[in-house]
Amino acid sequence: PTKIDMADHGDEMTTNKKVVLRRYVTGYPTAEDMEVVVTSHVRLRVPEGSTAAVVVKNLYLSCDPWMRGRMSKHDDGDAVPAEDFVLGEALVNFTVGEVLDSTHPEFDAGDLVWGMSAWEEYTLITQTEGLFKINHPELPLSHYTGVLGLAGLTAYAGLFEVGKPKQGESVFVSAASGAVGQIVGQLAKIAGCYVVGSAGSDEKVNLLKSKMGFDDAFNYKLEGDDLGAALGRRLPGGINVYFDNVGGATLDAALLRMRPGGRVVACGMISQYNLLEHQGVRNLWCIIPKRVRVEGFSCMDYHHLYPRFEEEMAGYIKAGKVTVVEDVVRGIERAPEALLGLFSGRNVGKLLVALGR
């Protein structure tokens, strides 16, 4: 995304609200780390001389755990998934929007799109490699922040390309009611697996079992330090595929329960993102005798699968095979509050911010 500034092309002008980072974060982020600012006199046209660019009106902003890493200042050479956010500029993440103006041959004004944009009302996008047309506008557009967007593709690629589940195998999903976890569990059920999820409240556990078809689920906060016993009761035969969204103690407990030849899909580690000192993994030794494969992955490596994924997932939603649960916050002014809630587990389902109807 590129900041919209005073352009020389086009007559229509407006203001632009955006969420910016005020200071780099150490530990848990707070409301004071972000603010909503208003930029005046922006034009809703692609500047003259800019080719293959679009101006997008953002309709939905996606809230995702990976944003936390970019809110801290990292030294050169640190292992980080993306560059740090720039102080005073709009936060960057996936959005759903409508193209207002385009000089790109593949996008026209009026197209509905999703992809990498900025946490603001209007964005000039000059790098369009990660921008996708929405091919199923008959479904709720908000789904493209989650089940039909990055979260869905992450679940699909992580489960099938990395985890490679077989019919009849046991799959354990942590943070199972979150944007990625809820989809992983439902896809694993479609693949014929026995699926168990963990979540952080009884409400979320009930949701997993009653609406999303999980075979079993448990509230990890009620298990104390004995997550291994909780897994043993629900998966006495062990785990073939562990889809890890949290890391930490849950990963340690799951490693002890893995079956020979098991696969650990390392997708996220939200339990570690706000810690000043990351927790180590004590049970890594067991991957050797059990021949367990632990593999991290990036959804960005699987963009080529998106057309196939979108059609499959749209079909599952229409057939009622995948249930979508979204937690919608309305208004860009509440976006910082929404993001903070993500790290305390206040959301139920995919968390997003709606900027308009």
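Here is a chat between a visitor and a guide about how the labels on this predicted model are earned.

Visitor: What ground rules apply here?
Guide: It's a predicted model, so local features need pLDDT of at least 70 and side-chain atom pairs count only at pLDDT 80 or more, while totals for chains, interfaces and linings use all residues. Residues are numbered from 1 along each chain as its sequence is written, and side-chain values use heavy atoms, with hydrogens and water left out.

Visitor: What makes strand E11 and strand E12 a pair?
Guide: Two strands pair if DSSP finds at least two bridges between them; strands are DSSP runs of E with at least two residues, helices are runs of H or I with at least four, and both are numbered from the N terminus. E11 (residues 239–244) and E12 (residues 258–266) have 5 bridges, in the parallel sense, so they pass the rule. Aspartate 244, for instance, stands opposite alanine 266 in E12.

Visitor: Why is the crossover from E11 to E12 called right-handed?
Guide: The label applies because, with the strands pointing away from the viewer, the path from the first strand over the helix to the second runs clockwise. Here the chain leaves E11, passes through helix H6 (residues 248–257) and arrives at E12, a right-handed β-α-β crossover.

Visitor: How do you know that E12 also pairs with strand E13?
Guide: E12 and E13 (residues 293–296) run parallel and are joined by 4 bridges, so the at-least-two rule is met. Valine 264 has valine 294 of E13 as its bridge partner.

Visitor: Why is the contact of arginine 23 and aspartate 33 called a salt bridge?
Guide: The rule asks for a side-chain nitrogen of Lys or Arg within 4 Å of a carboxyl oxygen of Asp or Glu. For arginine 23 and aspartate 33 the N to O value is 2.6 Å, so the contact qualifies. Both residues sit in the loop between strand E1 (13–21) and strand E2 (34–43), 10 residues apart. By this rule the count comes to 16 salt bridges.

Visitor: What makes aspartate 33 buried and arginine 23 partly exposed?
Guide: Buried means under 20% relative accessible area, exposed means over 50%, and partly exposed is in between (1.4 Å probe, protein chains only). Aspartate 33 has 4%, so it's buried; arginine 23 has 42%, so it's partly exposed.

Visitor: How do you know that glutamate 138 and lysine 318 form a salt bridge?
Guide: Their closest N and O atoms are 2.6 Å apart, so they fall within the cut-off. Glutamate 138 is in the loop between strand E7 (131–133) and helix H2 (150–163), lysine 318 is in helix H7 (residues 306–318), and 180 residues separate them. Glutamate 138, at 48%, counts as partly exposed.

Visitor: How do glutamate 223 and arginine 233 fare on the same cut-offs?
Guide: Their side chains meet at 3.0 Å, N to O, so that's a salt bridge too. Glutamate 223 is buried at 17%, whereas arginine 233 is exposed at 53%.

Visitor: Why is the pair of phenylalanine 132 and tyrosine 306 called tilted?
Guide: Rings of Phe, Tyr and Trp (its six-membered ring) pair if their centres lie within 6.5 Å; planes under 30 degrees apart count as stacked, over 60 as edge-to-face and the rest as tilted. Phenylalanine 132 and tyrosine 306 have 4.8 Å centre to centre and 45 degrees between the planes, so tilted is what's left. Phenylalanine 132 lies in E7 and tyrosine 306 in H7, so the pair ties together parts 174 residues apart in sequence. Phenylalanine 132 is buried at 14%, and tyrosine 306 is buried at 3%.

Visitor: What makes phenylalanine 172 and tyrosine 242 stacked?
Guide: The centres are 5.0 Å apart with 15 degrees between the planes, so both cut-offs are satisfied. Phenylalanine 172 lies in strand E8 (residues 170–173) and tyrosine 242 in E11, so the pair ties together parts 70 residues apart in sequence. Both phenylalanine 172 and tyrosine 242 are buried.

Visitor: Why is H2 described as mostly covered?
Guide: Of its 14 residues, 12 are buried, among them Leu150, Tyr156 and Val162. Just after H2, lysine 164 takes a positive phi of about 50 degrees.
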